Amino acid sequence: MKKIFLLSLILGIGSGVSGQERVSVKLHPEQAQYTISKHIYGQFAEHLGACIYGGIWVGENSPIPNTSGYRNDVLEALKKLQIPVLRWPGGCFADEYHWIDGIGSRDKRPKMVNNNWGGVVEDNSFGTHEFLNLCEMLGCEPYISGNAGSGTVEELAKWVEYMTSEGDSPMANLRRQNGREQAWKVKYLGVGNESWGCGGDMLPDYYADVFRRYAVYCRNFDTNRLFKIASGASDYDYNWTEVLMKKAKDKMNGLSLHYYTIKEWGEGKKGAATQFTEEEYYWTLGKALEIEEVLQKHIAIMDKYDPDKKVGLMVDEWGTWFNVEEGTNPGFLYQQNTMRDAMVAALTLNTFNKYADRIHMANIAQIVNVLQSMILTKEDKMLLTPTYHVFEMYRVHQDAKHIPLETVSDTKVIRERNIQTVNVSASQKDNVINISLTNIDLKSDKKVRIDLSGMNIRQVTGRILKAGQMNAHNTFEHPDAVKPDKFTDFILTDGLLDIELPTKSIVVMELR
Ligand code: AHR
């Protein structure tokens with residue numbers, strides 16, 4: 001503490017210091033202990049608005065260029081993200097979804113009303129085969145979110161059999177009739193979604209029993225091994241985690257958690273995605289960073305019941321949630337995506353990296369056209385959001401060893417907390433160290449010094465995502481307004497890396 005204070009004095013760090021402030025970072029590769037699961041960089045696709053229909057799936061007869069019904073432009077962009085895992089079909093939609101309606105000949109599939117999201121008609125043309133084939137095309141693992149709200153145990157058990165049974169079983173034979181001989185590998189299985197709310201409005205004790213029952217009948221067929229995920233808490237509901245860990249930890253492999261940076265619930269009360277004040281900018285980033293406290297508290301409960309960390313924490317929905325864009329269906333959750341969203345993504349991923357000894361997976365909400373998406377589409381046009389670029393730049397942390405570090409930075413008071421304006425994460429893989437740095441300060445550039453002594457670094461390269469305005473974003477007219485660039489504002493001398501980190505920027509440095 002004393003040492004940090006002295007260092008702060010020498011460097012002139014502290015709130016209120018104006019101009020180009022100094023920040024110091026010390027890496028501790030010798031303390032590296034655990035690997036950052038690549039699944040922390042996961043995605044989520046729900047039958048909601050234009051996420052699936054129009055965003056990913058246009059059908060084979062669409063004038064939009066497609067491969068077997070999947071839009072080519074979106075597919076190509078998603079492949080570049082190296083998505084490790086994709087959660088589907090919801091969200092709230094999952095607990096009203098009946099998988100049996102989404103198999104077989106598309107023109108014979110029954111329709112349903114999507115009660116959760118705009119009351120539109122769902123024609124079930126995107127079902128199990130379409131989803132699992134998409135995962136194969138993207139090279140990612142599927143995460144099936146099962147219906148435990150309005151469905152039955154038998155229904156979910158049979159879905160697992162349909163997808164994963166290799167033998168002469170009724171559901172495997174039905175799959176074969178529908179054109180798929182080989183069973184898919186499906187590891188991640190969620191039992192319900194937000195079971196305390198849209199997924200059945202259950203109380204934790206009751207849901208713990210429901211989960212146990214589903215866990216019995218959702219079986220491992222042949223060589224497939226399920227990783228069973230219990231529907232977890234939202235935000236500050238620590239009691240839900242307590243009860244689930246106490247009553248069902250022996251049956252689960254993972255327990256979920258949802259966290260959105262929502263200012264106020266209610267239609268039109270969440271603030272605009274592109275028109276916001278400086279105060280709102282900092283508020284959102286402060287709320288994003290508050291996830292650290294929330295994680296610590298849920299993890300402390302999990303540690304109490306599961307000190308060996310066998311149960312993974314799955315943050316299977318997270319991200320920003322603003323008012324929908326004007327003129328769009330309020331039930332479609334379509335929002336623009338600015339540099340503020342990119343900051344939220346970078347800060348949150350840095351935080352997940354830090355707790356990766358417990359966090360097994362995280363899935364940003366959502367992949368295309370919904371909430372904090374990677375991609376927005378409009379008919380045959382597509383754009384990549386600033387959040388997409390963060391995920392692309394951060395791929396380097398997937399399955400890399402987390403390097404503990406200390407940052408001494410000036411701070412800002414946001415939501416009554418002292419927040420460091422520079423946020424850093426580092427990892428190591430194949431003798432390459434990657435450091436991601438975010439400067440949330442709207443006014444000041446930062447002089448960052450990273451102490452790399454004893455690490456024998458010879459070569460450094462970098463990439464930067466920055467924008468002149470906090471609300472800079474890509475539009476269909478200007479799709480490249482915000483995109484990563486080469487970063488060269490640094491000097492390496494005698495084990496010290498000095499970086500000029502501009503205001504409102506996200507930088508990833510590669511050190512060899
Ligand atoms: O991601 C949108 C919705 O947010 C999901 O359907 C639900 O699980 C959550 O409340």
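The legends below describe close-up views of a predicted model.

**View 1. Strand β10 and its parallel neighbours, β9 and β11**. Strand β10, spanning residues 227–234, has eight of its eight residues buried, so this strand is largely enclosed by the rest of the structure. Strand β9 (residues 188–191) pairs with β10 in the parallel sense over four bridges, and within this pairing G190 has I229 of β10 as its bridge partner. Together with helix α6 (residues 204–217), β9 and β10 make a right-handed β-α-β unit. The pairing of β10 with β11 is likewise parallel and runs over four bridges, with S234 matched to its bridge partner H258 in β11. Between these two strands the chain passes from β10 through helix α7 (residues 238–248) to β11, in a β-α-β crossover that is right-handed.

**View 2. The surroundings of T261, in the loop between β11 and α8**. T261 is placed in the loop that joins β11 (254–260) to α8 (278–289), and it counts as buried because its relative accessibility is 4%, below the 20% cut-off. Leaving aside residues up to four places away in sequence, T261 touches W283, T284, K287 and A288, as well as G319, T320, W321 and V344. One of these contact residues, W283, also has K263 lying over the face of its ring, at 5.5 Å from the ring centre.

**View 3. The aromatic pair of Y41 and F391**. The structure holds 21 aromatic pairs. One of them joins Y41 and F391 in an edge-to-face arrangement, with 6.3 Å from centre to centre and 75 degrees between the planes. This pair links distant parts of the chain, since Y41 lies in the loop between β1 (21–27) and β2 (42–44) whereas F391 belongs to helix α11 (residues 386–393), 350 residues apart. Both Y41 and F391 are buried.

**View 4. An aromatic cluster that includes W88 and Y97**. W88 and Y97 form an edge-to-face aromatic pair, 5.7 Å from centre to centre and with 70 degrees between the planes. W88 is buried, with a relative accessible area of 0%, and Y97, at 2% relative accessibility, also counts as buried. These two residues belong to one aromatic cluster that is formed by W57, Y70, W88, F93, Y97, W99, F126, F131, W159 and Y162. In a separate ring interaction, R87 lies over the face of F44, at 4.7 Å from the ring centre.

**View 5. The disulfide between C92 and C198**. A search of the whole structure finds one disulfide, formed by C92 and C198, whose sulfur atoms are 2.2 Å apart. The torsion about the S-S bond of C92 and C198 is about -85 degrees, and the disulfide is therefore left-handed. The two cysteines come from distant parts of the chain, 106 residues apart, with C92 in the loop between β5 (85–88) and β6 (112–114) and C198 in the loop between β9 and α6. C92 counts as buried at 12% relative accessibility, whereas C198 is partly exposed, with a relative accessible area of 34%.

**View 6. C135 and C218, two cysteines too far from other cysteine sulfurs for a bond**. The closest cysteine sulfur to that of C135 is in C140, at 3.9 Å, which is too far for a bond. For C218 the closest cysteine sulfur is in C135, at 18 Å, again too far for a bond. C135 is buried, with a relative accessible area of 2%, and C218 counts as buried at 1% relative accessibility.

Notes
Residues are numbered from 1 along each chain as its sequence is written. This is a predicted model: local features need pLDDT of at least 70, side-chain atom pairs count only at pLDDT 80 or more; totals for chains, interfaces and linings use all residues. Side-chain values use heavy atoms; hydrogens and water are left out. Buried means under 20% relative accessible area, exposed over 50%, partly exposed in between (1.4 Å probe, protein chains only). Contact means heavy atoms within 4.5 Å. Two strands pair if DSSP finds at least two bridges between them. A crossover is right-handed if, with the strands pointing away from the viewer, the path from the first strand over the helix to the second runs clockwise. Rings of Phe, Tyr and Trp (its six-membered ring) pair if their centres lie within 6.5 Å; planes under 30 degrees apart count as stacked, over 60 as edge-to-face and the rest as tilted. A charge sits over a ring if NZ of Lys or CZ of Arg is within 6 Å of the ring centre and within 35 degrees of the ring normal. A disulfide is a pair of cysteine sulfur atoms within 2.5 Å.
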